[in-house]
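Reader: Before we discuss individual contacts, I would like to see the model itself and to hear the criteria on which its labels rest. Could you show it and then start with the terms?

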Amino acid sequence: MTEQVRRVLVVDDDELLREVAKASLELVAGWEVSTASSGQEAEEMAREQHPDLIMLDVMMPGQDGPTTFARLREDERTEDIPVVFLTAKNNTEGWQGSGVAGVIAKPFDAMRLAAQVSRLLGWDA
């Protein structure tokens with residue numbers, strides 16, 4: 001039996017963070033990772049690709065993470081995609097009960113990122 005390859009969309013306005021997360025998840029976990037630099041781009045890609053997970057930066061210029069998350073939930077094509085927030089803010093507890101699958105603090109440990117995500121979503125790493 002072959003393992004399912006997870007498909008992840010990483011959304012952050014910081015190009016370096018997108019590239020580090022992409023490399024980490026691809027090299028450590030073998031997942032397929034695509035990236036978006038804005039909330040609007042993330043919405044379009046989520047509708048087209050329907051990834052297994054969206055990792056979404058909270059603070060972005062223009063359309064921020066919480067707004068993007070709300071818009072994804074309003075669209076029947078993307079309402080069921082788990083979202084994990086990426087945030088540099090200290091308060092990672094504030095999102096509990098909001099429908100967000102979890103929160104990962106930035107900066108994250110690139111070698112442990114896939115394990116953190118897997119633990120949050122109940123995936124076998």
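Author: A salt bridge here is a side-chain nitrogen of Lys or Arg within 4 Å of a carboxyl oxygen of Asp or Glu. Please keep in mind that this is a predicted model.

Reader: What makes arginine 71 and glutamate 43 a salt bridge?

Author: The side chains of arginine 71 and glutamate 43 meet at 2.7 Å, N to O, and the cut-off is 4 Å, so the pair is called a salt bridge. Because arginine 71 lies in helix 3 and glutamate 43 in helix 2, the pair ties together parts that are 28 residues apart in sequence. Both residues also belong to a network of salt bridges that links Glu43, Arg47, Arg71, Asp75 and Arg77.

Reader: Why is glutamate 43 called buried or exposed, and how is arginine 71 classed?

Author: Buried means under 20% relative accessible area, and exposed means over 50%. Glutamate 43 has 6% relative accessibility and therefore counts as buried, whereas arginine 71, with a relative accessible area of 42%, is partly exposed. Glutamate 43 is among the buried residues of helix 2 (residues 39–49), together with Gly39, Ala42, Met45 and Ala46; what covers them includes strand 1 (7–11), strand 2 (32–36), strand 3 (53–57) and helix 3.

Reader: How do you know that lysine 106 forms a salt bridge with aspartate 57, and which parts does the pair tie together?

Author: The closest N and O atoms of lysine 106 and aspartate 57 are 3.0 Å apart, which is to be set against the limit of 4 Å. Lysine 106 lies in the loop between strand 5 (102–105) and helix 4 (113–121), and aspartate 57 in strand 3, so the pair ties together parts that are 49 residues apart in sequence. Lysine 106 and aspartate 57 are both buried.

Reader: Why does glycine 65 count as it does, and what is it in contact with?

Author: Glycine 65, which lies in helix 3 (residues 65–74), has 0% relative accessibility and therefore counts as buried. Leaving aside its neighbours within four places in sequence, glycine 65 is in contact with Leu56, Asp57, Val58, Met60 and Phe85.

Reader: How do you know whether the radius of gyration of the protein agrees with that of a compact globule?

Author: For 125 residues, a compact globule would have a radius of gyration near 14 Å, and the protein has 13 Å, so the value agrees with the rule. Of the 125 residues, 42% count as buried.

Terms used: Residues are numbered from 1 along each chain as its sequence is written. This is a predicted model: local features need pLDDT of at least 70, side-chain atom pairs count only at pLDDT 80 or more; totals for chains, interfaces and linings use all residues. Side-chain values use heavy atoms; hydrogens and water are left out. Helices (H or I, at least four residues) and strands (E, at least two) are DSSP runs, numbered from the N terminus. Buried means under 20% relative accessible area, exposed over 50%, partly exposed in between (1.4 Å probe, protein chains only). Contact means heavy atoms within 4.5 Å. The radius of gyration is taken over C-alpha atoms; the globule rule is 2.2 Å times the number of residues to the power 0.38.
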